[in-house]
Each structure stands twice: as structure tokens, then as C-alpha cells.
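Student: I'd like a close look at one spot rather than a tour of the whole thing. Could you put the model up and then walk me through a charged residue and its surroundings?

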Amino acid sequence: MVKFLKAPLLWFLLLGGLLFLLDGLRQKNTEQNIFVTQGDVDRIRDQWQAQSSKIISEEVLNNLLKQHVEEQRLYKEALSLGLDREDVIVRRRLVQKLRFITEDISVNQQPTDAELERYFLDNNNNYQQPVRVSFHHIYFSSELRQQKIHSDAMKSLLELRQSESDDGWKNLGDPFMLGRVFHHRTQVELEQQFGLSFVEDLLALNSSKWSNPIESSFGLHLVKVNLIQQANVVPLIEVRKQVLDDYERAQRKVAYKKHLQSLAKKYPLVMVDNQTARPENEK
Amino acid sequence: MKRGLITVSILLSSLLSQATEHTPGYSADRNAYFGDLHVHTKNSSDAFIFNVRATPDDAYKYAKGGAIQHILGFPIRLAGGPLDFTAVTDHAELLGVFIAMSDPSNPISKQPLAKDLQSSDRKKVVAAFLSILGDAANRGHGATVNNLKVIRSAWQETIESAQRHNQPGKFTSFIGYEYSSAPKNQNLHRNVIFRSTQVPDSPFSSLESDNPEDLWRWLDHIRSKGMDALAIPHNSNVSNGLMFQRTDWLGKPIDDNYTKLRMRNEPLVEITQVKGTSETHPLLSPNDEWADFELYDTLIASKQVAKKSGGFVREAYRTGIEFQDSSGFNPYKFGLIGATDSHNAGGAVEEKHYSGKVGSLDGNANLRGTGSSYKKKKFGQADAAETFTQWSASGLTGIWAEENTRESLFAAMKRKETFATSGPRIRLRFFAGFDFSKSFLKDSKIIAKAYKKGVAMGSDLFAQGDKKPSFMVWASRDANSTRLQRVQIIKGWMENGKSHEQVFDVACSDGLIPDNKSYRCADNGATVDLNDCSFSMDKGAVELKTLWQDPTFKSNQQAFYYVRVLENPSCRWSSWDAMRAGVTPKANIKATIQERAWSSPIWYIPSS
């Protein structure tokens, strides 16, 4: 009990309470007062303990409380002097806070299945699977064959058409660095590997027989398409998480924009002097 | 007991079946994958001063072929299509700290040093930036701004972003960072690339120690805890001769322990990037007509010209075999990669679409001094245009790996089966062996046989008596770039206790054949029209392939061999800038460039 009576915090609180009472008696206008609640004390203690992983000593706590009170006093005085106005840091922070609040309100609730489905259909392009092609090819190197390249390719084509063997094609033509069999490749990948014009011709093939020679950045190719899988949309269920994220992001954007628009009405723009520069979207 | 055994065997078999499951595109002959292992975002301290605000997510979006916004307000995108892999490698020193300091909601922004960072006066911002960096450099780990909490949160962002974008079989993202030691502005930077998600809580930076040997020891330490990583040095060209010295950090001659420590942690070196190419220099290789390629002369942001010896890759290979010859160990037996070092979250490797390196400072032709007007300004102590015009739209890493996964690519990097390009996606195979036959080149199983009968780039070839090795080179053009002009093998060897070097043309386009005295092919006559940057369409090869034997081979000499492939000339980025601005390209800048690729070497080891 004696120890308890020696605790500075106790005295601090008692004295503070007393002063508060006295002050309250002295003046009715309490706006100037700095209040320290049990909540404040708990918060300051918990924060310190969480950061340092130690039990706080009374000395430290009292010191922190002193700092807290001083900070509050300075803060009040700064506000009354108007130091918050025209301060770039304060301005940015307030703007940021408002933006977060506006956006958070907009995504407060999960979309209904119908809403999500609607969004998914409206933004189909984002969830499309690209065209994919599987094929074999026989390569004729323009480097090795020079002028004979076209006749060599035609000769091999004739051979293929007459041949009964399933494997004969593997011994025709020249080695190609990327191999003879391409499986499930996207248009972009193939454009990178063969050049643009080759892919255009490849996608136009509509037979599963050996094609006439097609030109690439490397020479000529006889191509046998196994499968052209057209671009298609994945069902919502497979990309639900991604769609949900995108939906939320879009909602945030819309809310923020709407808010800006309503504010534009509330705070109309006046351009002072005849300036040529104008903010975008403000006519 | 019996049930236990069955459970174990089921577990084992499921593990085994998992281990042999391949991603689409798997090939036992290995595929060439292209990527960039050196990209910066807003979390790098210097990117802050370049006004770059692009995130790690932006960097991966760009790498996957997407368009992102350049800070000057235009979209940037890879015309050559998506890359196969990428690592975001922000500077570990004060990682994410500047961006946090400029964020009023972050407590660290309340520090006195942070105040001027938020100023609208550019001069104040730069002064504050420099004083913070200076403070950090002087006081190292104890610097007030070296805020571990902020760094860990930025590191976490790096990790999470890499995780979000890693798609085995499709796109690989590596978790990584840059260790940025530069004593007295001499560049000793390394990128640290992690094999998996097993990574430390925070990166080891030069604020802990600017001695790279300490970085290697730290890498050893974390590896013993299951976090495998490797370090890749870059810009040896501006290390002032420190990158490939004959002595260690303390000035003692390199020994076997140093060699093992270094090679265990640094199997690769970045040979080319935006701040120049570090293959060799005309002063080091006076007989190499192509040594004068995309050179960058001065220490970074300084006027001091860097010392040449000790700063270039080819000389380092020579130093390496000299050590091997005299002392039995080789501290410089590394493979090669290329990267961009973009600070815009997206590397500009295409001459036609060059968008600079340092955000708002060099994002357009006028800022770079290659347009119609230039307002004189400084970059550090150097003139900005003098610096920026030397910069390069380079480079990329090629990796030969079975599949596009972290495990497969990382294993290939460790065995040095890598090559570098100055931007185009030239594919380059290189093997050596004693039993390669002539028919080999036309064989449809050429690659499988080459692996079986020989060794691939990055390997040692051990002598078989007096037998002469054959080298198989196969280079294939970038389908969307200019054609190939010639393939060269660069040899270094030991003779009478000294190292020597020689460039051999081994395959040339347009039917040209190397002369057997000069070892050169005649020029193929390919040209560039500087009015519209068009180039000869009728010259050059789509692929070049040959089986070569070294006419100067001696079976008792240490030697290394690496390949250099040259494209036909095309417009350098500065000429594209000039053409678009309607001005003539500046006379002191090379108007054209011969894009190229370099393989990792194969080392011939004579029997002792």
C-alpha cells in the first residue's frame, strides 16, 4: 500500500484529477483542457510494450505520458495558430486519408454473384485464353540451301504425300534450333520464335495435311497442324479470385472518381487571369 | 510395422512421381530462355531521385509483355514480346527507405533528414538525398535512416511480388536484390539471386560490409540454413580495376580458399548492361577489331576515368588460367549473363525503343542529348549528355534449361550454361568434345548427341591424351532483328608462363570463308541507311553452324574458348533518336551498332 502510494503515476493522476476539478470550477470553458483518459494510458503502455517486448517501468510510462500531454498542448497551440493550413505534409496526409475512406466505403461489401458475373462479362477480354497452336514442321535453311531452297522443299513435300510411313518426315529437311514439334504455343510465342509473317500463314492453315512451304525469318517450313485451339473465355469459376480482385480495384477507382466529381460541384474551379493552361477535364 | 512400410513406400512413390512431373515445354535437349536478372523499382534509393514510382509488380508486368507507364508519361513495352524470367533487384542499402521517408503517413518521414525530400524544390531534394546517403555510407549499419523495419517491409514487398508472378512452365520470377558496394565510387556491385522462397528476413547490404568476401561468407551461412543463392557482379568496367584483381580485399595474393569461396558464390558475371559492356577494351585487346563495343569509361556519375586492367571479363579469364597454370586454382572461372539494370522497372533492350535508364533524368531524346535541343546539366560531377549517350540499350540473359521453373533455371545458372546478348534474342549453342563427326551438323539429333559425347558452355573439357577437341557452334538469329554476320571463337591460352588471346572467325554469312592466316572473313558488305534506319535485307545469315578445330591447339596448354556472334550493323538507339528529331546523329557517337551474343566459355584442362 505504501509502495502504491509512492507510485508517481498515482500521484500524477490524483493531482491531474484535482487540477481538473479545480480548473473545472474555475472556468466553464473546458476547450482548452488536455484530457488524459485511462484509454490513453493503456494505449501508450501497450504500444511501448509491443514495440520493445518488455514490461514498461513507471518511470518510462510517466515520461511518455508527459510527452503525450506536451504534444497535445503543442498540437492545440499549432492548430490555433493555423499552422496546419498551407502545409504540404498535412495536406497530403489529409487527402490520403479521405481517399482511403472513400475507397474503403465503396468496397465495404462483397459483390453479389450477379454483380460479379456482370463485371466478368463486361471485361471478358481480360480473362481470355490466347489462341494456341500445336504442329510439326520440317525446316529448310536458307543458309544451307540458298537458291535451291524452294525446289528442295517441294521435293520433300512430294515425298511426304507419296509416303506411307508415319515417321519418314523426321529425316527430311535441316535441324531447326527450336526443334520439330511445337505443342500448345501461343501466337506471341510463335511470333517471337518464327517472325510475324510465318504465324499469320500458320493460323490460316485449315487442313491437317502437310502444308505448302511457309516462309519464316529462317527459311521455309512444311507444316502439319495438329490443333489450333481458338481463343476462348475461361469460365468465371476458374478465375473467380482474380475477377474479385479486379472488381474491387475497379470499384475503388469508380468511387474515387465519383467523389472527385461531386467535390468539383461543391468547390468549383475559378481560373485567375487569362491562362492558357487548364486542368484536364475542366472546361 | 508392415503398414508403416507401406505408408512410407506410398509417400516415396508420390514424391518420386512429383519429382518427375514436368511443366509444359519441358525438353531434355534444353530450351533457351531469355530474361533480365537486374531490374530496379521505386524501392531503390536512387530510383527515388529519378522520380521513378513503378513497383515490383510493374516490373513483372513489363517482363511478361505488358505495357507500363514511364515516369515521363508514356507507355513502355517490349516490342520483342514477353521474357521468360526476371528478377527485381532493388538496392539493399536503404531498401524502400526513401519512398517511406517521403510518405507523410510513415513515422520515418518525421525525421529531420526527411523534411527536404518532400520539398518541391528539386535542389533541396537532391541535397537531402545525398546527405542521407552520405550519412548512411559513413555510419553504416548505425545510420539513423537505416531503418530495419522499413527495409523489411520493402523486402517483404519484393518477395510477395515475386511470388505473385511466378508461374512454373510459363514465367519465372526470382527473389533477388542488389548488394551495392562501391568504395570510393569504384563499382563492386553484385546482384543476389535466390533459388526459392527460402530467403532471409532482410538482405545483407554494403552497410554491413562493403567487402564482397563478407557477402560470400554470408551466402555460405544462409545456404547452410537451406537458403540457396548466388551473386552476380556487374559493371566491372567501372570498378577501377578492382573486380578481377590478383589480390584479395586485404591485398594478399589470391589463394585456394579465396578461389573456392568466390566460385561457390559467384559462378556468373554480367558482361553487358545499360552502363556499358565489360567484355574487353581496345587497350587490353589491341588485335580485336570488335573490342570497341558500347564502352563506358568513367566511374559512375564521376569524371574519373576507370582503370582498365582488372575491369574486363576476357582479361579476367586470362588471369584465371595464369593462376591455374602457376598455382593450380582458377578464381575466375565464371559464366556470362547480360541484363539491363533499368531503374524504370522495365529494361529498354531494343535500340528502336530505347527509353533510358534513370527515369525523369534521361527519359527522352532531348534529356539524353540526342534530340534537337539539350540544356546542359550535370549527372553527378559528369556532364549528363556525355554520360547518357554512352549508355547502351542492352542486354539480356539466355539460359539453357529443361523447363521454365526456378529449380531448372537456377541449376543451369550454377553449371554456367548461360549466354549473354546485347538485346536481341539470338540463340547460341556451344559444345566441345573429342568425338564429334562431320555428319553431326546435319543430324536431327545433333543436340542430344552433343550432350552425350561432349560438354556444353560453362564446362571443363578434360584432355584425352593428345587428342584435338572439336567445337560445335550453332547460332540462330532473333526472328525480329537483323541477320547474323559472323560467329567467332575467342581463345585464351597459356604459353611459357604467360597468357595470350586470339579471335578466330569460325563461320561467316554470304558464303564467306575465314582466311587461314588472319583468321578473318571479309566484310559481308551489309549497310545501314541513317536516313531511315533501314538495313541490308539481302546480306547476312539466318543461322550459322559449324564444327571447328583450333589450328593453334597444343594439348599441354591451359586454354579457354568462348563464342561471340555478331549481327549485321543496325542503327544505334542514339541514331533512332536523331532520326525522329530530324537532326544528324552526333559525330562523336557511333551511329551504328553490331548487336551480339557471348557464350560462357569452355575450359580445356590438359592432363597434369
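Is R368(B) buried or exposed, and what is its relative accessible area?

Tutor: R368(B) is buried, at a relative accessible area of just 3%. Here buried means under 20% relative accessible area, exposed means over 50%, and partly exposed is in between (1.4 Å probe, protein chains only). Some housekeeping before we go on: this is a predicted model, where local features need pLDDT of at least 70, side-chain atom pairs count only at pLDDT 80 or more, and totals for chains, interfaces and linings use all residues, while side-chain values use heavy atoms, with hydrogens and water left out. Residues are numbered from 1 along each chain as its sequence is written, and chains are lettered from A and ligands numbered from 1 in the order in which they are written.

Now for the partner. R368(B) makes a salt bridge with D577(B), and their closest N and O atoms sit 3.0 Å apart. (A salt bridge is a side-chain nitrogen of Lys or Arg within 4 Å of a carboxyl oxygen of Asp or Glu.) R368(B) belongs to helix α10 (residues 365-368) of chain B and D577(B) to helix α14 of chain B, so the pair ties together parts 209 residues apart in sequence. Helices (H or I, at least four residues) and strands (E, at least two) are DSSP runs numbered from the N terminus. D577(B) is buried too, with a relative accessible area of 5%.

Other pairs make handy comparisons. K590(B) and D292(B) also join their side chains in a salt bridge, 3.0 Å from N to O. That one links distant parts of the chain, 298 residues apart: K590(B) is in the loop between α14 (573-581) and β26 (592-593) of chain B, and D292(B) in the loop between β9 (276-277) and α9 (313-327) of chain B. K590(B) counts as partly exposed because its relative accessibility is 46%, and D292(B) is partly exposed at 37%.

Then there's K376(B), whose salt bridge to D383(B) puts the closest N and O atoms 3.2 Å apart. The two ends have unlike settings: K376(B) is exposed at 68% relative accessible area, whereas D383(B) is buried at 14%. Some salt bridges share partners, and these join E279(B), D288(B), R314(B), R318(B), E501(B) and R564(B) into one network. Over all chains, a search of the whole structure turns up 47 salt bridges. Between chain A and chain B, though, the count is zero.

If you like buried charged residues, look at E270(B) as well. E270(B) is in strand β8 (residues 268-273) of chain B, and it counts as buried because its relative accessibility is 2%. Its side chain has a polar contact of 3.0 Å with the side chain of Q273(B). (A polar contact is a pair of N or O atoms within 3.5 Å; within protein, one must be able to donate a hydrogen and the other to accept it, and residues adjacent in sequence count only if both atoms are side-chain atoms.) Leaving out residues up to four places away in sequence, E270(B) touches several others, including H38(B), N191(B), H234(B) and N235(B); contact here means heavy atoms within 4.5 Å.
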